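Let us go through a few labels and ask what earns each one. Each answer sets a value against its cut-off.

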Amino acid sequence: MTPREILALVFMPGFTTKEVATDLSGRGVGLDVVKTNMSKLGGVVDITSDVGIGTKMTITLPITLAIINVLLVEIGAQLFAVPLASVEEAIALDPEQIRTVESREVLSVRGASLPLCRLDRLFSLRRAAPRQGRSFVVIAQVAERRLGFVVDELIGQRDIVIKALGKSLKGVRGFAGATELGDQRVALVLDVALLIEEVLAPSEARFLANLESGRN
């Protein structure tokens, strides 16, 4: 066997270097699971080792498939990630610029009307106490449609790795996945295109219905 083939043995199911198995190690479970899951993502795991120097393990993932740039926002105690590809800008919310049109809040932004979506209401988020201070609006655009998401805080931009929600949450609408932030916190990644469709479609349908009735 070549040195590379020998090193690859550590990824075999059941392989162990321990003579006695304990509750924590020696059962031959671990690196084979890592390699299997990396393969599912289209990635590879490589290992190099030099006697007296050390061992290096390299994980390579397809960056275009696994990592995106997002804007992290906070609503109450929950973090959400908005893909930057859909974000036009983020502004402070001025309550005096809000008016109601057909039972929907609309914000005037530089002379143009922007429909608003309060994510705390949409997702039925509970808060311990009313929030004090300013809120913000993340203006998202998909094709010709624009929608303002009202949030409590703008955390900042970050590159994240998206993980699927799993079979049990696959049917939950409005989320493209989730990500771990490295500080034991999890942020849900918003499916901006779907949310815009869900929020704006009913009002557009009412508008077209009113227009048609007016013609008749």
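Q: What share of the contacts in the chain with a separation of 6 or more comes from residues 24 or more positions apart?
A: The share is 51% in this predicted model. A contact here means heavy atoms within 4.5 Å.

Q: How many helices and strands does the chain have?
A: There are five helices and 13 strands.

Q: Why is Val109 called buried?
A: Its relative accessible area is 9%. Buried means under 20%. Val109 is therefore buried. The residue sits in strand 7, which spans residues 104–109.

Q: Which residues does Val109 touch, leaving out those up to four places away in sequence?
A: Val109 touches Ile91, Leu114 and Ile139.

Q: How much of the chain is buried?
A: Buried residues make up 29% of the 216 residues.

Q: What makes Glu88 and Arg146 a salt bridge?
A: Their closest N and O atoms are 3.1 Å apart. The cut-off is 4 Å, so the pair qualifies. Glu88 lies in strand 5 (residues 87–92) and Arg146 in strand 10 (residues 145–151), so the bridge ties together parts that are 58 residues apart in sequence.

Q: Why are Glu88 and Arg146 called partly exposed?
A: Glu88 has a relative accessible area of 36%, and Arg146 has 22%. Partly exposed covers the range between under 20% and over 50%. Both values fall in that range, so both residues get the label.

Q: How do you know that Glu105 and Arg118 meet in a salt bridge?
A: The N to O distance is 2.7 Å. That is within 4 Å, so the pair counts. Glu105 lies in strand 7 and Arg118 in strand 8 (residues 112–118), so the bridge ties together parts 13 residues apart in sequence. Glu105 counts as partly exposed, at 22% relative accessibility.

Q: What makes Glu180 and Lys163 a salt bridge?
A: The closest N and O atoms are 3.2 Å apart. The limit is 4 Å, so this pair passes. Glu180 is in strand 12 (residues 175–180). Lys163 is in the loop between strand 11 (153–161) and strand 12. The two are 17 residues apart.

Q: Why do Glu180 and Lys163 carry separate exposure labels?
A: Glu180 has a relative accessible area of 55%, and exposed means over 50%, so Glu180 is exposed. Lys163 is at 43%, which means it counts as partly exposed.

Q: How many salt bridges does a search of the whole structure find?
A: The search finds seven.

Notes: Residues numbered from 1 in each chain as written. Predicted model: local features only at pLDDT ≥ 70, side-chain atom pairs only at ≥ 80, totals over all residues. Heavy atoms only, no water. Helix = DSSP H or I, 4+ residues; strand = E, 2+ residues; numbered from the N terminus. Buried < 20%, exposed > 50% of the residue type's maximum accessible area, 1.4 Å probe, protein only. Salt bridge = Lys/Arg side-chain N within 4 Å of Asp/Glu carboxyl O.
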